[in-house]
Amino acid sequence: MDPVNMKSVQDALEGFLDTEVYVHLETTNGAYASHHNEQFFSAGAYIRNAKLTYERAKITGAGPYRVGLKIPFGWVYAEGITHYEQDDKGRLLLAGHDYDGKLAVALQISTTPFE
Amino acid sequence: MKKERQVLVVFPHPDDEAFGVSGTIASHVNMGTPVTYACLTLGEMGRNMGNPPFANRETLPSIRKYELKESARVLGISDLRMLGYRDKTIEFEDPDKLTNEISSMIKELDPSLIITFYPGYSVHPDHDATGAAVVRAVEKLPVEKRPTLHCVAFSNNCVEELGEADIVFDVSAVADQKFDSIKAHQSQTQLMMAGMAEGLKNQDPEVMARLNFERFWTYKY
Ligand SMILES: [Zn+2]
């Protein structure tokens, strides 16, 4: 993973426009957050291999970045993106790592299902 | 530590064996007892990926699989089974399917001791769901056929509600193997290893206690 380069990410996002893609989206505080701090309200969400198409995509912000995908009847959105990679399978992997390097958010797009 | 006929360890994540029970596993192996480790997932949803990240969500499983095999190797585990479930989904699986899978391992291996997490006292939903599945499988056996069940617990309320652990093993004789097992899970333990090595050097009592003693609660049906 490399720190976000906005132009590279924007180009990669547009590479999937109007194409049927599989999306992985997750946010997490980790399963131990409330164990280490009982005042902490732990929340997260996860969807793997949601099949969709999007007509518009944008990365924005001053870093950490926000990424939005406009889909026919709604939106997909991720906040806190810091790193990206286009892997050898042509998949776009976007991730947000916190100050300790731990993964906090991921948004990934692929033309084939994630394993 | 009593010599067992066969030990079966059941945990959901690679590295679950390293912190709490690797000294116990190594001690059984060194006594000549066969140890089977059934690990339900590959920790696919782990959050540690190095800083700066050297892994990503999609490469993490193969890295952790390698680390798990390495940990099993340094502990001398002869039978490592990766059951192919997905991290953070155990509590949503069909409970009967999980129970049956564990029942069939018990039938095949006839363990005299099973080690797992104490359901309800192990913090991560996968830990609790795994422990619950093991308890269900053992409960299906007639009382006189049940293997001993030693559970790991570490929730903030575990001592308050379960009392102090009834089993405490001094594993200082195999501290090196334990250290190597923790180190094998490099992607997950890199951050903590630095602190641990420092604590070891200074003989920090808290670090020494964590390395040298392993605690279990015998499950009460
Ligand atoms: Zn775990």
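**Exercise 1.** In this predicted model, Arg146(B) lies over the face of Tyr221(B). Find how far Arg146(B) is from the ring centre.

*Solution.* Arg146(B) is at 4.7 Å from the ring centre of Tyr221(B). The cut-off for a charge over a ring is within 6 Å of the centre, with CZ taken as the reference atom of Arg. The distance therefore fits that cut-off.

**Exercise 2.** State how many aromatic pairs there are over all chains, then classify the pair Phe11(B) and Phe117(B).

*Solution.* Step 1: the count over all chains is eight aromatic pairs. Step 2: in the pair of Phe11(B) and Phe117(B), the ring centres are 4.7 Å apart and the planes stand at 50°. Step 3: planes under 30 degrees apart would be stacked and over 60 edge-to-face, so this pair is tilted.

Step 4: Phe11(B) belongs to strand E1 (residues 7–11) of chain B, and Phe117(B) to strand E4 (residues 113–117) of chain B. The pair therefore ties together parts that are 106 residues apart in sequence.

**Exercise 3.** Are Phe11(B) and Phe117(B) buried or exposed?

*Solution.* Buried means under 20% relative accessible area. Phe11(B) has 0% relative accessibility, so Phe11(B) counts as buried. Phe117(B) has 4%, so Phe117(B) is buried too.

**Exercise 4.** Describe the pair Tyr118(B) and Tyr219(B).

*Solution.* This aromatic pair is tilted, with 5.1 Å centre to centre and 45° between the planes. Tyr118(B) sits in the loop between E4 and helix H4 (125–139) of chain B, while Tyr219(B) is in the segment after strand E7 (213–218) of chain B, so the pair links parts 101 residues apart in sequence. Both Tyr118(B) and Tyr219(B) are buried.

Definitions and conventions
Residues numbered from 1 in each chain as written. Chains lettered and ligands numbered in written order. Predicted model: local features only at pLDDT ≥ 70, side-chain atom pairs only at ≥ 80, totals over all residues. Heavy atoms only, no water. Phe/Tyr/Trp six-rings, centres within 6.5 Å; stacked < 30°, edge-to-face > 60°. Helix = DSSP H or I, 4+ residues; strand = E, 2+ residues; numbered from the N terminus. Buried < 20%, exposed > 50% of the residue type's maximum accessible area, 1.4 Å probe, protein only. Lys NZ or Arg CZ within 6 Å of the ring centre and 35° of its normal.
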